[in-house]
Amino acid sequence: MVKVLLTGGSGFIAAHVLDILLERGYDVVTTVRSEEKGQRILEAHPNLPKEKLSYVVVEDIAKDGAFDEAVKSDPPFDYVLHTASPFHFKFTDPVKEVLDPAIKGTTGILKAIKASAPTVKRVVVTSSFAAIINADNSVKVYDESVWNPVTWEEATGNDKGQTYRASKTFAERAAWEFVEKEKPNFDVATINPPLVFGPIAHHLSSLSSLNTSNERVRDLIQGKYKDGLPPTGVYLWVDVREVALAHVRAIEVAEAGGKRFFTAAGHFSNKQVADIVRETHPELASKLPENPVDDTPADVYQYNNTLVRQVLGIQFRSLKESVGDTVTSLIKLGALAA
Ligand code: NDP
């Protein structure tokens, strides 16, 4: 059996990765921050023997040696998928709460694998469009060759968005540098999604702990944007199910090694999201803004997702399906009762 270590199993994207891995017959060990989160994952997948699915607690990925024990397993791991990294703006210390876990979490797991898991053939790191985008809008077409030029000074300033984007940029750079310098027994691939929408497969303690990228859909259907939409900010999106599949394809496809994958499904704006909700969930019309304005710039950047389609074989679903399913999922979780 092929055995995979999946970090951050309690996360929005990781929950879908876990489901695809199990469907495809992989044995999975996932890391979570507490026993309680691990138990919830096991409860969501009843009737699976311990060899198929288990968890280990890694409380803080920023700590030295955090993954030293987690990477050891019997039978040993074949692949590692590293998704755990902070994605929220509720922090006060950019270094301790965001940059350290992202960067040290990535270098820490790579070091641990090199030292103690010689059977691992590939590590897939969840990076982001954040590691590609250029804040000055100088890039016309984004693809895997582009890097975010953000500096450490910008990363540690007052702009929380910059801190997050820098955390992803420096963490991904650190992964590629590690492979180049250390020449380990494994290769690396990165998945670089833009804003991720899609249904929730993980277990939220409350809707206030919703993953960051679905927050705007929750707020929209709760009527918080009735008087006007916030800026769209990032104009590219992808569905979580495609992002998850890309992670799994990245371990299955030999040529994926050594590559970044920019998993962009297409352009979107908050107005398009609001229009879709009006169409797929007409009963929510009273919560939506009357005449939303599309803030997409006329010269909005373009994207090239050829590599993802050709190498990983991913086909992207429509924004309408993704947003419609997100809303249905949020309603099931009680978004309208809140
Ligand atoms: P979530 O917040 O749902 O998942 C983040 C995961 O990382 C959680 O399991 C979280 O654990 C874990 N984590 C965060 N900080 C630490 C830490 N210090 N120690 C241990 N675990 C930690 O978000 P997503 O699923 O959206 O994000 C998953 C990955 O995808 C991240 O790497 C993110 O940067 C990337 N990404 C997400 C995009 C999006 O639009 N959603 C777009 C591009 C990239 P816990 O919940 O217990 O805190």
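A colleague asks a modeller about the sheets, helices and loops of this structure.

Colleague: What kind of model is this, and from where are residues numbered?

Modeller: This is a predicted model, where local features need pLDDT of at least 70, side-chain atom pairs count only at pLDDT 80 or more, and totals for chains, interfaces and linings use all residues. Side-chain values use heavy atoms, with hydrogens and water left out, and along each chain, as its sequence is written, residues are numbered from 1.

Colleague: What is the strand order in the open sheet of seven strands?

Modeller: Strands here are DSSP runs (E, at least two residues), and helices are DSSP runs too (H or I, at least four), numbered from the N terminus. Two strands pair if DSSP finds at least two bridges between them. In this sheet the pairing is parallel. Strand 3 and strand 10 (260-261) are the edge strands, each pairing on one side only. The order is 3-2-1-4-5-7-10.

Colleague: Which residue in strand 10 is the bridge partner of I191?

Modeller: Strand 7 (residues 187-191) and strand 10 run parallel, joined by two bridges. In strand 10, the partner of I191 is F261.

Colleague: Why is one side of strand 8 and of strand 11 left without a neighbour in the sheet?

Modeller: These strands belong to an open sheet of three strands, in the order 8-9-11, with mixed pairing. Strand 8 (195-197) and strand 11 (266-267) stand at the edges, so one side of each lacks a neighbour because each has a single partner strand.

Colleague: At which residue does helix 3 bend?

Modeller: Helix 3 covers residues 94-116. A bend is the angle between axes fitted to the seven residues ending at a residue and the seven starting there. Here the bend is about 45°, and a proline, P101, follows within four residues. The bend is at D100.

Colleague: How are F129 and Y142 arranged as an aromatic pair?

Modeller: Rings of Phe, Tyr and Trp (its six-membered ring) pair if their centres lie within 6.5 Å; planes under 30 degrees apart count as stacked, over 60 as edge-to-face and the rest as tilted. F129 and Y142 have 5.1 Å centre to centre and 80° between the planes. The pair is edge-to-face.

Colleague: Which residues does a cis peptide bond join?

Modeller: Most peptide bonds are trans. In this model, one bond has an omega of about -5°. P75 lies in the loop between strand 3 (53-57) and strand 4 (79-82). The cis bond joins D74 and P75.

How values were computed: The expected span of a helix is 1.5 Å times one less than its number of residues.
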